[in-house]
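Welcome! Open the structure in your viewer, keep the selection tool at hand, and follow along one stop at a time.

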Amino acid sequence: MTVNGESRAYRPGLKLHALLEELKVDARAVAVMVGEEVYRPGRIPDVALAEGDVIEVVSMMQGG
Amino acid sequence: MQDALTIGGKDFSSRLMLGTGKYKDFGLMRDALEASGTQIVTVSIRRVELGAPGHTGLMDVLQKGSYQLLPNTAGCKTAEEAVRVAKLARAMTGTDWLKLEVIPDAKYLLPDPIGTLKAAEILVKEGFVVLPYMHADPVLARQLEAVGCATVMPLASPIGSGRGVLTRASIQIIIEEAGVPVVVDAGLGVPSDAASVMEIGAKAVLVNTAIAEAESPVQMAEGFKLGVEAGRIAYLAGRMAVRTTASPSSPAAGVVGLAQPEMPV
């Protein structure tokens, strides 16, 4: 699977909440995209992940 | 609200939008935003650093100020990337508003007109309030308006350059023809730049670097606030006609002269 552009080892049974926890990401402060599905901060479901998933974990930053 | 700026069905009393980039710290950014009187602020969407403790400082500051957030797609080089980031931006910020940027060129940060139009068309259909960053091209402005963009945002000069208004003649045509608010974005260096485009009928301006990189960002924010207000009032007042020769302000008759003007006094 790919997380934020980097490949990451997948293991069967892995779910989104466990992944975010492993990545030390505060699920209340990020938006997540798994494939074409987009989830809001604090409302990220604990979906099952698949080996080929492309995942983006983003937050709001300063910008013009 | 008297003389409100209306975008996407919302009314604003301030015509100065601010970027939140390049400030030395959040405190300075917060103070500059306050001094500017802005009601619309841009933010970017970025991948989080994995494995590092995040911070929510920016969100805290902006939520307390109850600003209309305008997330951008800065960094996107294609329409496809911009559409993807737009969806993340909507999820992250909770707003449908989007400053659309499709910029393939890193040196001058000039937007791709074809990619911008393509992305705008998709995003409008998906319910976004699209404010597209664009070159000062009147034909493109018309096309972006036709696909349903909420504004058009022609650039004055390259992003962050502070070179002022290099595209004035084209901006003037866009203003003449646009049925949506024209927001002049990018390159403004000083308040008089902002005033000068407001005077010809721009509905708003967007400023970031000129304030963030000023010696005193808070003072410069206030300067831009006044510049935008002065320009807007002047536009509403209607400027005088330009003459090629002088026209005396004092009465031509009754001037006290000498009997022999050639004699020295």
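Helices and strands here are runs assigned by DSSP, with at least four residues for a helix and at least two for a strand, and they are numbered from the N terminus. Please keep in mind that you are looking at a predicted model.

**Stop 1: chain A**

Select chain A and colour it by secondary structure. You should find 1 helix and 5 strands. Walking from the N terminus, you meet the elements in the order β-β-α-β-β-β. The radius of gyration of chain A is 12 Å, close to the 11 Å that the globule rule gives for 64 residues, so chain A is as compact as a globular protein of that length. Its C-alpha trace spans about 40 × 20 × 20 Å along the principal axes. How much of chain A counts as buried? The share is 31% of its 64 residues. Look also at contacts in chain A between residues at least 6 apart in sequence: 56% of them join residues at least 24 apart.

**Stop 2: where the chains touch**

Now show both chains together. The contact takes 23 residues from chain A and 27 residues from chain B. On the chain A side, select β3 (31-34), β4 (37-39) and β5 (54-62), the elements that each give two or more residues. Which of them gives the largest share? That is β5(A), with 7 residues. Colour this side of chain A by residue class and you will see 14 nonpolar, 5 polar and 4 charged residues.

Stay with β5(A) and add strand β4 of chain B, residues 40-47. The two strands run antiparallel and are joined by 5 bridges. For one place to zoom in, pick M60(A), which stands opposite I45(B) in β4(B).

**Stop 3: chain B as a whole**

Hide chain A for a moment. Chain B has 9 helices and 10 strands, and its C-alpha trace spans about 90 × 40 × 40 Å along the principal axes. Of its 265 residues, 45% count as buried. For contacts in chain B between residues at least 6 apart in sequence, 62% join residues at least 24 apart.

**Stop 4: a sheet in chain B**

Select β6, β7 and β8 of chain B. These strands make an open sheet of 3 strands in the order β6-β7-β8, with parallel pairing. β6 (97-100) and β8 of chain B stand at the edges with a single partner strand each, so one side of each has no neighbour in the sheet. Zoom in on β6(B) and β7(B), residues 129-134: their parallel pairing runs over 4 bridges. To see one of the bridge partners, select K99(B) and find L131(B) in β7(B).

**Stop 5: a helix with two faces**

Finally, select helix α6 of chain B, residues 168-177, and show the side chains of I171(B), I174(B) and I175(B), which are buried. Turn the view until you look down the helix axis. Why do the buried residues line one face of α6(B)? Seen this way, they fall within an arc of 100°, so they share one face of the helix. A general rule helps here: an α-helix has 3.6 residues a turn, so residues three or four places apart point the same way.

Next, look at the face turned away from the buried side, where you will find the exposed residues A169(B) and E176(B). To see what covers the buried residues of α6(B), add elements of chain B including α5 (138-146), β8 (153-154), β9 (183-185) and α7 (191-199). You have met β8(B) before, at an edge of the sheet.

How values were computed. Residues are numbered from 1 along each chain as its sequence is written. Chains are lettered from A and ligands numbered from 1 in the order in which they are written. This is a predicted model: local features need pLDDT of at least 70, side-chain atom pairs count only at pLDDT 80 or more; totals for chains, interfaces and linings use all residues. A residue is buried if 20 or more other C-beta atoms lie within 10 Å of its own, exposed if 12 or fewer, and partly exposed in between; C-beta atoms are placed from the backbone. The arc is that of the directions from the helix axis to the C-beta atoms. Two residues are in contact if their C-beta atoms, placed from the backbone, lie within 7 Å. Two strands pair if DSSP finds at least two bridges between them. Ala, Val, Leu, Ile, Met, Phe, Trp, Tyr, Cys and Pro count as nonpolar, Asp, Glu, Lys and Arg as charged, and the others, Gly among them, as polar. The radius of gyration is taken over C-alpha atoms; the globule rule is 2.2 Å times the number of residues to the power 0.38.
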